[in-house]
Amino acid sequence: MEERGSAGGGVNLPQAARHVLFALAVGVVGAAASIALSLSVDLAARLQARFPWLLLLLPALGAASVLLYRALKLPAHLATDTMVDRLRRNDRVPPALAPGILAGTFLTVLGGGSVGKEAAALQMGASLGALVGRPFKLAPIRAGRPAIPRGYAAAAGMAACFGALFFAPLGSTAFVLELARFDRAVARHVPTLLLASLAAFALARITGIGDVIPRVDVPAFSWPLMAQCVLVGLACGAAGTVFGVALRGARRIVRSRVGRPVLAAVAGGLLFAGVVLAFGWQGFEGTGMPLLRGALAGHAGGVDFAVKAGLTVLALGFGLKGGEIMPMFTVGALLGCALGGLTGASAPFSAALGLAAFFAAASRCPLAALFMGAEIFGLAAAPYLALAVAVAFAGSRDVGVFGRGAASEFARLRARARDEGRRREGRKR
């Protein structure tokens with residue numbers, strides 16, 4: 001995958017300038033993609049709210065998105081988890097993925113499907129980053145370093161688009177690094193990733209177009225508050241494990257058993273619409289942002305988190321296009337808010353804790369959860385978020401919606417290095 005450059009360690013200043021220009025270009029493109037995604041998906045959500053009968057069209061809209069992927073020559077099962085696998089293998093990210101996931105997410109939200117646009121931003125960013133990187137002909141800044149992998153440009157695009165959408169450049173950069181399992185080919189370019197994310201964030205902040213999550217008041221320190229952090233962390237660790245296992249299992253079963261992606265999308269749309277109409281769960285349709293804002297205001301039913309999680313697994317498991325991240329934020333916030341109501345703690349702040357903790361457990365990306373939580377809710381919340389995230393991450397299985405996390409990968413590499421060392425010692429004897 002990597003080729004060695006020429007010997008020596010000097011800095012190639014023209015290449016360094018190219019990397020800076022590439023980061024700025026990716027930042028501009030990532031911000032534009034984030035804004036386009038926000039406007040289109042928000043339009044779909046408004047149309048769905050105005051015309052509730054669009055839920056009945058979800059099977060047809062799901063089939064249309066799969067047929068669109070086929071027309072764009074995209075793999076029908078290409079979703080966030082498979083795109084992350086491509087990043088980890090340094091495989092090519094198709095340029096057509098950007099318009100494909102944009103249109104697919106629009107169609108799913110238009111029909112009321114429980115999906116988000118944040119993971120769609122990751123896919124768009126990876127596709128556009130790889131495309132933008134081509135004319136720059138990037139090479140190592142220092143001689144003797146490995147050749148630039150394809151995954152680097154895709155990772156820069158992901159950081160930029162995600163940072164613009166959430167106004168969280170630090171958390172977005174950490175998220176990409178954790179998704180790549182801190183692969184050295186990507187991790188050595190952290191300054192470029194961060195520059196791209198900051199540039200996109202600055203442009204998106206000027207327009208104000210993106211997912212604006214309201215802040216909550218941070219309670220004064222107390223031991224009951226620390227206990228609440230632990231309680232929310234434990235609950236989110238358990239719920240995040242169930243969610244991750246359920247979503248990956250549903251996708252695996254549908255992809256292996258159903259066979260025809262169009263048929264799977266139609267079946268998923270029919271099931272989703274039937275369940276929503278049967279139980280009157282229209283309020284759980286779409287990305288979940290209204291539910292998230294309600295939870296952060298202290299309003300959530302006891303089982304609302306389970307309903308939103310189940311509908312998300314149903315929609316994404318059957319191949320409807322869209323993302324997992326905003327639904328994960330919403331599920332965690334609803335669970336945290338419900339726990340706050342049970343214990344008498346601050347329900348809004350418990351919702352904030354749940355947002356970060358559930359995301360850490362379900363995504364296997366604790367640093368991203370902590371940094372994004374601090375950027376969204378403020379530095380004063382960071383110590384409490386850190387405790388809830390640590391408990392949730394430690395108390396959950398390492399099987400997230402994007403596969404195993406960096407921690408298990410490091411453990412696997414250490415074990416392999418240990419075994420190789422023992423074999424070498426055995427040969428010497």
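Start with the crossing of helices α13 and α14, which is left-handed in this predicted model. To see it, select residues 304–317 for α13 and 325–343 for α14. The two helices pack at an angle of about 160 degrees, and their axes lie 8 Å apart. That angle makes α13 roughly antiparallel to α14, because angles over 145 degrees count as such.

Now show side chains where the helices touch. On the α13 side, pick D304, F305, K308, A309 and T312. On the α14 side, the partners are P327, T330, V331, L334 and L335. Colour this contact by class and you will find six nonpolar, two polar and two charged residues.

**Next stop: the cavities**

How many cavities of 30 Å³ or more does the structure hold? There are two.

Keep α13 on screen, since this helix is one of the elements that give two or more residues to the lining of the largest cavity. The others to add are α10 (223–258) and α11 (261–279). To centre your view, select A79, R255, L316, G319 and K321, which lie nearest the middle of this cavity among its 20 lining residues. The volume here is about 190 Å³. Its lining divides into 12 nonpolar, five polar and three charged residues.

For the second largest cavity, with about 70 Å³ of space, move to L87, R88, N90, D183 and V186. These are the closest to its centre out of 11 lining residues. Highlight α3 (80–89) and α8 (184–187), the elements that each supply two or more residues to this lining. Helix α3 gives the largest share, three residues. Six nonpolar, two polar and three charged residues make up this wall.

**Last stop: the largest pocket**

Which residues should you select to find the centre of the largest pocket? Try A45, R46, E285, T287 and P290, the nearest to its centre of the 24 residues that line it. About 500 Å³ of space lies in this pocket.

Then bring up α1 (13–50) and α12 (289–296), the elements that contribute two or more residues to the pocket lining. Helix α1 provides the largest share, with six residues. If you colour the lining by class, the view shows 10 nonpolar, seven polar and seven charged residues.

Key: Residues are numbered from 1 along each chain as its sequence is written. This is a predicted model: local features need pLDDT of at least 70, side-chain atom pairs count only at pLDDT 80 or more; totals for chains, interfaces and linings use all residues. Side-chain values use heavy atoms; hydrogens and water are left out. Axes are lines fitted to C-alpha atoms, for helices over the stretch in contact, and angles run from 0 to 180 degrees between N-to-C directions. Helices (H or I, at least four residues) and strands (E, at least two) are DSSP runs, numbered from the N terminus. Angles under 35 degrees count as roughly parallel, over 145 as roughly antiparallel, 65 to 115 as roughly perpendicular and the rest as oblique. A crossing is left-handed if the near helix is turned anticlockwise from the far one by less than a right angle, and right-handed if clockwise. Contact means heavy atoms within 4.5 Å. Ala, Val, Leu, Ile, Met, Phe, Trp, Tyr, Cys and Pro count as nonpolar, Asp, Glu, Lys and Arg as charged, and the others, Gly among them, as polar. On a 1 Å grid over the protein atoms alone, a cavity is a set of points where a 1.4 Å probe fits but cannot get out, and a pocket is an open set with protein on both sides within 12 Å along at least five of seven lines; lining residues have an atom within 4 Å of a point. Grid points are joined across faces, edges and corners, and a volume is the space filled by probe spheres set on the points.
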